[in-house]
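Got your viewer open and a selection box ready? Here's a short walk through one model, stop by stop, with what to pick at each one.

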Amino acid sequence: MIKIKTTNRYDITPFRSFMTIVLSLFAALMVISIIFLIVGVNPIYAITEIFSGSFGSVYGFKETVTKAIPLILIGTGLTLAFRAKFWNIGAEGQLLMGAIFATWAGLHFGQKLPPVLIVPLIFLAGFIGGAFWGIIPAILKIKYSINEVISTLMLNYICAEFLTMLIVGPWKGKARFGFPGTNNLPDSAILGLIPGSRIHYATLTLALIFAVVLCVIIYKTRFGYETRVVGENPDAGKYAGINFLKTTLILMAVSGGLAGVAGVGEVAGIHHYLGYPASISSGYGFTAIIVAWLAKLNPVYTIISGLFFAGILVGGDAIQISLGLPAATVDIVNGTLLIFLIMGDYFLNHKIFIQFSNKSRI
Amino acid sequence: MLSRLFFKKSIMKKIKCLEMKSISKSFHGIPANQDINLSIESGEIVGLLGENGAGKTTLMNILYGLYQPDSGQININGNRIRINNPVESISHGIGMVHQHFMLIKNHSVIENIALGYKGTPFFFPKMKIREKVHLFSKKFDFRIDPDKKIWQLSAGEQQRVEIIKALLNGAALLILDEPTSVLTPREIKELISILRGMKAKGHMIIFISHKLDEIMEICDRVIVLQKGKIAGSADTKDTDKKSLARMMVGRDVVFNINKEKLAKGKKVLSVENINVNGDKGLPALNNISFELFENEILGVAGVSGNGQRELAEAITGIRPILSGKVKIKGRDITNKSPRCIYDNGVSHVPEERIRFGIAPGLFLYDNAILKQHHLKKFSSRYFLRYNRIKNHTKTIVNKFKVSTHSINTRVRNLSGGNIQKLILGREVSEQPQLLVASHPTYGLDVGATEFLRKHLLELRKQGSSVLLFSEDLEEIFELCDRIAVIFDGRFMAVLDSDDERLCDIGLMMAGSKKI
Ligand SMILES: Nc1ncnc2c1ncn2[C@@H]1O[C@H](COP(=O)(O)OP(=O)(O)OP(=O)(O)O)[C@@H](O)[C@H]1O
Ligand SMILES: [Mg+2]
């Protein structure tokens, strides 16, 4: 009889955790290759195509950076929430709520204010929107012990439907000629691009700054310390007199707020008006979960992992065109990577061994 | 069938003698075991002694297959074997009862045993296991109700479940890592008689403990480790407590401390008629009232599970108080937040040190300020002052002799006793007005115990008051000015420690006498 047993691993070295990531990525690529084979595509060709599409050309790289912006922003915020073991999978909704708030601010004040004022204003509005949507599950969890995985997930749908209701109803713009969507934001509220690209540099700068600032917050501040303690051992947090409600509210305000800022970038930098949820965000809120995980919950590393996953999104678009694969291909690639990264973590923390035995005892 | 019978026998015969030969193991270049030899024969009980961090647990984890030695070998009956993991060690007939039990709280005894047992059938697993448990309880004279849930059991009963689990898996060699630290005196007696029974049936036992009396009582032979090396060994009949302690610490240890008489000062703590519920929502404390003064140590004696933990947690703000009042220096702190209560001068050494006392994945210096991180000394409004924090940590580590190679290590890498020292150092370093200490010497070696007791008396002299929970009556009588006996959430008596009536303390702890 063959049995598989596990025990905890007690000696985890930095080298070992690094190798775990490398091996997980490698194993994921193997599985992805098999999937490509099944649909009749040469996997080596497809995978090369993905990465040359995203990192191999100037045009591709610019697109990669563009898509990395929301991923880095959201991923950074998620590292904070995940450190406290608050499983926020509602970044998608928080992003949309940020977009809604920003659009409102842009449409209302855009005509009256100059760009120097309106741009910070819509960013602030977006942050508040995301934060508002983020603290709802925080309150539900601390006050009423409602599981945050379920509440954040459900709030995604609520927000998406609310947004749809706005753009087909009260916010429907005349300039859309009857199609759902708001009017375009006034020019003063549109974010500047790096010439020849779609990179809205204001949001990019914010993303990089937040990644560094959050790193400092997590490792150097009192709030970051409390977050780490709560995540490591909630009972010790209670004993240490940490105010759970306050800590969770702040961290979810930040986590949601950053997703909201990403929403501002998408509306004011790329689309210029509020359209259907699926067009505003192509699942950034979910992809960012993998970004945060691959970054080992260190905000600064989300810059690298954000670029990596943005590359896969862009490269996925490329093979969709060149190989005629369905759009879901990218989701399969991302999902496979996440599963293997999480499994890798398990193998890092546990020893697994297989036992052959034909004995029975006493 | 015949072959199975034969097989059974060969297993019972399996380990006659076991040797560990020149075992060495280091962690990140720091040696934890160096060139250690240990041998044990069937029917023998060997004690393993040593200061906190001497490497006892590490050595046993190697034998149990949790760690691989860097060098050295293990022989069973003269044949060299490799133990790569616990499953292999179990199949060689080695069982281990860890210091922190690994049972599933919401499952029953039977279910927990079935989980760890290889012969559990897929269908109706309980029937077969029940039979086996019954058999074993009879053989070794255990008393255990197989249908109780784990959370309903006392520490001693949980330990018995762990022992049955090991025995069912055919353990001929049983390793017990500090088995008595969490037991009441009566449970210790019962454990000892169980171990004697096992010895008589040819089992071998390795017994780790810091309590020299127990070692002297049940072990045939003692091996003393010091800083990862063998410092000596002796047959218990040729040695005594004093020389064992000397071998271990390298100097003489004072077992009896004389406390000087002090007049009590102002009132520090007053508890007025508090009622508190336990974890399961049932009343745990029933109208408890008492007062505590400066320069005074009040001991709470009692069998564990009679409300001690709830009392400590209610005073320190972790557990809600349903009715009644707690005051510190006249200020009402009833149901205030743990931080507010700490700021009023109340420190707390928690009973469940791993659960409440530390964040295991954070660094030593992070843990050294768990309750103090909000103080001006260690953080400005927003930022932590890591320089000061690290200096403070070094002070604690030096003063309390926490053995670690660096303060930049994660707390989960410390040995059990050293975690306790770190918590103690953290809680008493601020000269608290009131120290609530549950089993403070739990897991400490003799040297550290002596140091801690002196330190508590020193705090008392400087005007602090201490509320001491302990199951060690000797410790209570030695340190306390007054003693409260708790039973079923009520105080049976609160008496001066030299009061004649305390000779009936056993009756009071059992609830059959009240003063
Ligand atoms: N996984 C680990 N990583 C790094 N160091 C470790 C690890 N495990 C143990 N150590 C170190 O090895 C030394 C021996 O630890 P061990 O747990 O064996 O001590 P011990 O004798 O059981 O002490 P105690 O009486 O306090 O339980 C300690 O200094 C400890 O810090
Ligand atoms: Mg130990």
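Start with the charged pairs: across all chains, the structure holds 35 salt bridges. Keep in mind as you click around that this is a predicted model.

**Stop 1: a strand-to-strand pair in chain B**

Select E291(B) and K267(B). They form a salt bridge, and the closest N and O atoms are 3.0 Å apart. Now colour by secondary structure: E291(B) belongs to strand β12 (residues 283–293) of chain B, K267(B) to strand β11 (residues 267–277) of chain B, and the pair links distant parts of the chain, 24 residues apart. Switch on a surface to see how covered the two partners are. E291(B) has a relative accessibility of 33%, so it counts as partly exposed. K267(B), at a relative accessible area of 39%, is partly exposed too.

**Stop 2: R309(B) and its partners**

Next, pick R309(B) and E313(B). Both sit in helix α10 (residues 308–315) of chain B, four residues apart, or about one turn of the helix. Why does that spacing suit a pair? An α-helix has 3.6 residues a turn, so residues three or four places apart point the same way. Here R309(B) and E313(B) form a salt bridge with the closest N and O atoms 3.3 Å apart.

Are these two buried or exposed? R309(B) has 18% relative accessibility, which is under the 20% cut-off, so it counts as buried. E313(B) is buried as well, at 6% relative accessibility.

Leave R309(B) selected and add E352(B). Their side chains meet in another salt bridge, 3.2 Å from N to O. E352(B) lies in the loop between β16 (346–349) and α12 (353–357) of chain B while R309(B) lies in helix α10 of chain B, so the pair ties together parts that are 43 residues apart in sequence. E352(B) itself is partly exposed, with a relative accessible area of 28%.

Now widen the selection to D235(A), D279(B), R309(B), E313(B), R319(B), E352(B) and R355(B): salt bridges that share partners join them into one network.

**Stop 3: a buried acid in chain A**

Jump to E49(A), found in helix α2 (residues 43–55) of chain A. What does a buried glutamate do for a charged partner here? E49(A) has no salt bridge, and the nearest side chain of opposite charge, K67(A), is 16 Å away. Show S322(A) as sticks and you'll find a polar contact between its side chain and that of E49(A), at 3.3 Å.

**Stop 4: a loop glutamate in chain B**

Back to chain B for E294(B), in the loop between β12 and β13 (296–301). With 16% relative accessibility, E294(B) counts as buried. Try a distance label from E294(B) to G72(B): the two are 55 Å apart, C-alpha to C-alpha, and 222 residues apart in sequence.

**Stop 5: the second largest pocket**

Select E226(A), I242(A), N243(A), K246(A) and T247(A). Of the 21 residues that line the second largest pocket, these lie nearest its centre. Which elements give two or more residues to this lining? They are α8 (222–232) and α10 (244–271) of chain A, together with α11 (338–343) of chain B. The most comes from α10(A), with five residues. The pocket holds about 600 Å³ of space, and its lining has nine nonpolar, six polar and six charged residues.

**Stop 6: the largest cavity**

Last, look for enclosed space: there are four cavities of 30 Å³ or more, and the largest has a volume of about 60 Å³. To frame the largest cavity, select its lining: T20(A), I21(A), S24(A), W293(A), L294(A), K296(A), L341(A), G344(A) and D345(A). At least two of the lining residues come from each of α1 (14–38), α12 (284–294) and α14 (328–349) of chain A. By class, the lining divides into four nonpolar, three polar and two charged residues.

While you're there, colour α12(A) by accessibility. Nine of its eleven residues are buried, so α12(A) is largely enclosed by the rest of the structure; the buried ones include Y284(A), T287(A), I290(A) and L294(A). Finish at K296(A), just after α12(A), which takes a positive phi of about 55 degrees.

Technical notes: Residues numbered from 1 in each chain as written. Chains lettered and ligands numbered in written order. Predicted model: local features only at pLDDT ≥ 70, side-chain atom pairs only at ≥ 80, totals over all residues. Heavy atoms only, no water. 1 Å grid on protein atoms, 1.4 Å probe; cavity = no way out; pocket = protein on both sides within 12 Å on 5 of 7 lines; lining within 4 Å. Points joined across faces, edges and corners; volume = space filled by probe spheres on them. Nonpolar A, V, L, I, M, F, W, Y, C, P; charged D, E, K, R; others polar. Buried < 20%, exposed > 50% of the residue type's maximum accessible area, 1.4 Å probe, protein only. Lys, Arg positive; Asp, Glu negative; His and termini not counted. Salt bridge = Lys/Arg side-chain N within 4 Å of Asp/Glu carboxyl O. Polar contact = N/O pair within 3.5 Å; in protein donor to acceptor, adjacent residues only side chain to side chain.
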